[in-house]
Amino acid sequence: MNEPLTQRHWAALAAPKVAPAIGTSTVLILGRIWNANGAEHSAGNAVLMIALAAGASTAGAFAAAGHGGGDGALAGTAFATSGALALAGVAGYADGWSLPILLWAVATAVAYGIAARYWRTDRRTTLAHDRHTTVRREEHAHVERVEALRAGAQIEAARAGAAYAEQLATALITRAALPGYDPQAITRAGLPELPAGDLKNSQ
């Protein structure tokens with residue numbers, strides 16, 4: 001069984017690894033742009049971001065505690081949104097870079113910690129699929145080898161049988177052509193007697 005082999009581009013392989021850092025860096029940059037445009041020390045803007053972050057966090061908690069174990073993807077998205085809003089609020093409100101950079105580092109570490117769990121699950125799934133594909137390919141190759149050996153044995157047996165029959169017919173024809181040939185001698189010797197029709201046909 002020949003299955004197509006696909007090789008992903010290096011950018012497609014690297015994108016999931018840098019996505020958390022790109023996400024938190026984007027939020028930090030946008031927050032500082034917002035800071036430069038009047039959000040610094042703005043209580044109204046700070047309250048708004050706190051309210052949005054709390055709302056997203058609450059939505060994530062409800063999604064995680066839903067019926068049937070909750071929706072993990074929805075809860076993760078809500079908590080990620082809450083963290084992004086909190087980081088953006090601090091980056092926009094603070095008057096220096098120290099606190100925003102600190103929160104950015106913490107948020108990036110947490111994002112990679114959460115992503116690593118999904119990467120491990122995806123890696124286990126990929127390895128299991130590769131093992132299953134390899135086993136299935138080997139089983140199919142084994143069946144093909146067994147069938148090829150069986151067919152070869154049948155062909156060789158048929159060839160041997162045909163060669164033996166040809167040699168026997170040639171021997172009988174040659175023996176019958178010799179002078180003094182007595183067909184009854186075969187019967188007296190205890191060997192099976194050939195039908196007369198078969199002997200004539202062989203001659």
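The buried residues of helix α4 in this predicted model are P100, T108, A115, T133 and A176. The helix that carries them runs from residue 98 to residue 177, and its 80 residues reach 116 Å from the first C-alpha to the last, which is close to the 118 Å expected at 1.5 Å a residue.

One of these buried positions, T108, can be followed in more detail. T108 has its place in helix α4, and T108 counts as buried because its relative accessible area is 10%, where the cut-off for a buried residue is under 20%. When the neighbours within four places in sequence are left aside, T108 is in contact with A21 and T24.

From this residue the reader may turn to the largest pocket, to whose lining α4 also contributes: α1 (10-39), α3 (72-93) and α4 each supply at least two of the lining residues. The pocket has a volume of about 580 Å³, and 22 residues line it, among which F79, A80, A107, A111 and I114 lie nearest its centre. The largest share of the lining, amounting to 10 residues, comes from α3.

The chemical character of this lining can be described by residue class, and for the largest pocket the lining comprises 16 nonpolar residues and six polar ones, while no charged residues take part in it. Taken together, helix α4 thus appears in two settings, as the helix that holds the buried T108 and as one of the helices that supply at least two residues to the lining of the largest pocket.

Technical notes:
Residues are numbered from 1 along each chain as its sequence is written. This is a predicted model: local features need pLDDT of at least 70, side-chain atom pairs count only at pLDDT 80 or more; totals for chains, interfaces and linings use all residues. Side-chain values use heavy atoms; hydrogens and water are left out. Helices (H or I, at least four residues) and strands (E, at least two) are DSSP runs, numbered from the N terminus. The expected span of a helix is 1.5 Å times one less than its number of residues. Buried means under 20% relative accessible area, exposed over 50%, partly exposed in between (1.4 Å probe, protein chains only). Contact means heavy atoms within 4.5 Å. On a 1 Å grid over the protein atoms alone, a cavity is a set of points where a 1.4 Å probe fits but cannot get out, and a pocket is an open set with protein on both sides within 12 Å along at least five of seven lines; lining residues have an atom within 4 Å of a point. Grid points are joined across faces, edges and corners, and a volume is the space filled by probe spheres set on the points. Ala, Val, Leu, Ile, Met, Phe, Trp, Tyr, Cys and Pro count as nonpolar, Asp, Glu, Lys and Arg as charged, and the others, Gly among them, as polar.
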